[in-house]
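The exercises below work through one protein chain, from its overall form to single residues. Each task is followed by a solution in steps.

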Amino acid sequence: MKPTRLLALVAGRIAGFLSRKLGRGGGTTLPGLVAQRIDPALVSAICAHLARGTLLITGTNGKTTTARMLAQVLRQAGWQPIHNRAGANLVEGIATALLYASDPGGRPAGDSGLFEVDEAHLPRAVHLCQPRLVLLHNLFRDQLDRYGEVDYVAGRWGEALHTLPAATTVALNADDPAVADLGRGLSAQVLYYGIDVPTLGGSAPDHTADARYCRRCGTPYTYAPAYYGHIGRYRCPSCGHARPEPHVRLTSLDLEEVRGARGHLVTPVGERDISLPLPGLYNAYNALAAIAATLALGLDLDQTLVTLGTFHAAFGRLERVQAEGKEIFIALIKN
């Protein structure tokens, strides 16, 4: 091993220890920053040793929950994913997760990498990790002071996806026009997921919609229906461009208030009735994305659904806490 790699791993760990000891942070990003300054090839080198490859998940919303769902499914299936579970989703956070999971020789303890990635950092993460799977969830205006318009971010994602080989799978939300359109002309395999429930949602996108116009001709899309924001079953009345047919889809969805959801799932390997322990349409999309990813990885559908049926929300995201004989329901609200 190169001396600089050993130095990078040691220095990164020391930086993390000092960060926590001095109360300056949780040591989830600084170690990776320090290590990469010493050895810029650190992430690529460790990822190359992961026998089952690297999985990247990005999107404006749902990254953390979807990644945790997928991590639980992978572990139940016998995988050993290295996961940036703390939510440090910059490339420095990925580097931190990898260095903590590697021995002094730079050999990882896990067999795969599972990383949620900040939207702006996806192109660099793709370049460094050479992923086996990339999952793109959705794209909304979130932090324009950092990232610029939705179209700019989508363009950068597209450039990164076009560098991927045929051995990679790209899982795309068919119901998000900006995300689904990224499947055009890729060498990588494309897997679409989405919801087909005409009775859900409304006839027009709401005020949060950020991709109202046809990606081909600029005409406003029509929806039948719009589920939320610009997410839905869209079609251009001018040129005919429409949402691609999802390979993995929900054809029914019963949202059971704050308790969970039930639905009917259609996939290339069969149909199933499913029960999800997390409430809300957003979490139905999170689970659908996780299911699509596991199918792309060749995992058993039935075992995936059993595992998802026992999933618990991440801290503060629809979390239930028992206190003094009462149940407290904690929901993360943003944007």
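**Exercise 1. Count the charged side chains and state how far apart the centres of the two sets lie.**

Solution. The protein chain, shown here as a predicted model, carries 33 positive and 29 negative side chains. The centre of the positive set and the centre of the negative set lie 7 Å apart.

**Exercise 2. Describe the overall form of the protein chain, beginning with its secondary structure.**

Solution. Step one is the inventory, which comes to 11 helices and 13 strands. Step two compares the radius of gyration, 20 Å, with the globule rule, which gives 20 Å for 335 residues; the two are close, so the chain is as compact as a globular protein of that length. Step three gives the extent along the principal axes, where the C-alpha atoms fill a box of roughly 60 × 55 × 40 Å. Step four turns to burial and surface: 53% of the 335 residues count as buried, while the chain exposes about 14900 Å², of which carbon and sulfur atoms supply 53%. In the last step, contacts with a separation of 6 or more are considered, and 64% of these join residues that are 24 or more positions apart.

**Exercise 3. Check the span of helix 1 against its number of residues, and then find what covers its buried residues.**

Solution. Helix 1 runs over residues 3-21, and its 19 residues should span 27 Å at 1.5 Å a residue; the end C-alpha atoms are 27 Å apart, which agrees. The buried residues of this helix are Arg5, Ala8, Leu9, Ala11, Gly12, Ala15, Gly16 and Ser19. Their cover includes helix 2 (30-38), helix 3 (42-47) and helix 5 (91-100). After helix 1 comes glycine 23, with a positive phi near 70 degrees.

**Exercise 4. Decide whether histidine 83 is buried or exposed, and list its contacts beyond four places in sequence.**

Solution. Histidine 83 belongs to strand 2, residues 81-83. Its relative accessibility is 11%, and because buried means under 20%, histidine 83 counts as buried. Once the neighbours within four places in sequence are left aside, histidine 83 is in contact with Ala67, Arg68, Ala71, Arg75, Ala97 and Leu114.

**Exercise 5. Examine the backbone and the accessibility of glutamine 130 and glutamate 324.**

Solution. Glutamine 130 is found in the loop between helix 6 (122-129) and strand 4 (133-136), and its phi is positive, near 45 degrees, although the residue is not glycine. At 49% relative accessibility, glutamine 130 counts as partly exposed, since exposed means over 50%.

Glutamate 324 sits in the loop between strand 12 (319-323) and strand 13 (326-330). This residue, also other than glycine, has a positive phi near 50 degrees. With a relative accessible area of 83%, glutamate 324 is exposed.

**Exercise 6. Locate the cis peptide bond that leads into proline 225.**

Solution. The bond in question runs from alanine 224 to proline 225, with omega near 0 degrees. Proline 225 itself lies in strand 7, which covers residues 222-228.

**Exercise 7. Place leucine 33 in the fold and give its separation from alanine 178.**

Solution. Leucine 33 is found in helix 2, and its relative accessible area of 31% makes it partly exposed. Leucine 33 and alanine 178 are 145 residues apart along the chain, and their C-alpha atoms are separated by 31 Å.

Note on methods:
Residues numbered from 1 in each chain as written. Predicted model: local features only at pLDDT ≥ 70, side-chain atom pairs only at ≥ 80, totals over all residues. Heavy atoms only, no water. Helix = DSSP H or I, 4+ residues; strand = E, 2+ residues; numbered from the N terminus. Rg over C-alpha atoms; globule rule 2.2 N^0.38 Å. Buried < 20%, exposed > 50% of the residue type's maximum accessible area, 1.4 Å probe, protein only. Contact = heavy atoms within 4.5 Å. Areas by Shrake-Rupley, 256 points an atom, 1.4 Å probe, with all protein chains shown as cover. Lys, Arg positive; Asp, Glu negative; His and termini not counted. Charge placed at Lys NZ, Arg CZ, Asp CG, Glu CD. Expected span 1.5 Å × (residues − 1).
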